[in-house]
Amino acid sequence: MWNSINQILANIDNFVWGVPLMVIILFGGILLTVRLGLLQIRKLPLALKWMVKNEEEAEGEITSFAALCTALSATIGTGNIVGVATAVCAGGPGALFWMVITAFFGMATKYSEGLLAVKYRVIGEDGHSLGGPFYYIEQGMGKSWKWLAKLFAFFGVCVGLFGIGTFSQVNGISSAVNGFFDANNEHCVNIPFLGEYSWSVVIASLILAVCVALVLIGGVKRIASVSQVVVPFMAIIYVLFVAVLVIANITRVPAAFKIIVQAAFSPRAITGGAVGSMLVAMQKGVARGIFSNEAGLGSAPIAAAAAQTNEPVRQGLVSMTGTFIDTIVICTLTGLSIVITGAWQVEGLEGVSVTTYAFQNGLPFPAQVSSFVLMLCLVFFAFTTILGWDYYSERCLEYLSGGNMKHVKIYRWIYILAVFIGPYMTVSAVWTIADIFNGLMALPNMIALFALSGVVVKETKSFFERHNNEKL
């Protein structure tokens, strides 16, 4: 019976995250790119400047940089390390090329989401901000579309409740810690009703649950304050180590880029047919790009709505940098390290083992040091994803419940409990359900982006006319 249920869920998951959804999201990004006149290229320097320069005397709960870090906390996760490895192994090095192409168009999507989130957000007398797809659907498209807004919010709550921010991330942390400290499970304890687990898993779950509780109880401002310290720190550390790997193997870089581009269009010439056709490389790369930076899913604008800004376009530009950092920088570096070291061709390796191999064989450090650095990055990446997705799902629940904060507080404690029991949850159906709801979030959001693309273009044109005149 359970096998049948798991198979049905797997089929639904494959359909939701199949070609139709990817085409919708990718087409949306291309449409917005054309209508905005390649804004992601023309305005990227300005976006990077405003990313760290906060707007003074503006409405909102947290700074623009803190809002960006909160969004990045949810997008920069284990997928940047494990997901990229899976995509390259399944689709060949060419998947990395299509991942970057997807991110390029995704920047226009993320810009539009951030702009609409600020334009249609609601700010209470206490400075409390609430916004995202549910409000730009309801207010931008009209009250008659409120059902679509509630549908998005429902999917958002389900994603948090079923564990994409809890079970899968906590499992990633406990597995990374266990793999480093007690790989052979020599130090175990028997937990009633759960079974035998390594002490490293038990201790890691306890520490993690306490840390998550201490942050989440403080609400969005504490989540933001932690995120704007941890996210830049972990991203810089990871980028530095991968940069060292690339520099240490600099002579292999030109050949690696050649393989990536060739494999994007003729994978059989590079892999000997081991990973299939160009369509497979494209599908794996596009899917990983969307899943990694979440452009089009509608999650990031929930954080963008809390930013202290009076200019929707300005926050849209800041939001756009999230996709650039997450995929074009971090995912590209991960993929490049895997291709340079040939880790994707080593038989028997999958997931994090592929990236571990790349670090151990590419970095000029002892293997133990390289493994520790990767474990540390995995832990931090997953920890911040837990924080980010709690914030998203809480805001969705707040909208669904009409602002009833009692429901939100109860949900927060359930979320913390889920983090605590996460390492002992091995039900694959739970993760599949979360994955399905995650994909379903994109449908209402993309409908809104298509419907409101004219508003995005109009706001953008108006803002830059004022901005240029002020310069003159």
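1. A cavity is a set of grid points where a 1.4 Å probe fits but cannot get out, and its lining residues are those with an atom within 4 Å of such a point. With that meaning in hand, one can look at the empty space inside this model, which is predicted and holds two cavities of 30 Å³ or more.

2. Consider the second largest cavity, which encloses about 50 Å³ of space. Its lining is made up of Ile25, Leu26, Gly29, Thr102, Phe105, Gly106, Thr109, Ile290, Asn293 and Ala295. Helix H2 (19-35), helix H7 (94-119) and helix H15 (278-293) are the elements that each contribute two or more residues to this lining, and H7 gives the most, with four residues.

3. Sorted by class, the lining of the second largest cavity has five nonpolar and five polar residues, while no charged residues take part in it.

4. The largest cavity contains about 80 Å³ of space. Around it one finds Ala67, Leu68, Ala71, Leu72, Thr75, Lys110, Ala300, Ala304, Gln315, Ser319 and Gly322. The elements supplying two or more of the lining residues here are helix H5 (64-75), helix H16 (300-304) and helix H17 (312-341).

5. Which helix gives the most to the lining of the largest cavity? That helix is H5, with five residues. By class, the lining of the largest cavity divides into six nonpolar residues, four polar ones and one charged residue.

Technical notes. Residues numbered from 1 in each chain as written. Predicted model: local features only at pLDDT ≥ 70, side-chain atom pairs only at ≥ 80, totals over all residues. Heavy atoms only, no water. 1 Å grid on protein atoms, 1.4 Å probe; cavity = no way out; pocket = protein on both sides within 12 Å on 5 of 7 lines; lining within 4 Å. Points joined across faces, edges and corners; volume = space filled by probe spheres on them. Nonpolar A, V, L, I, M, F, W, Y, C, P; charged D, E, K, R; others polar.
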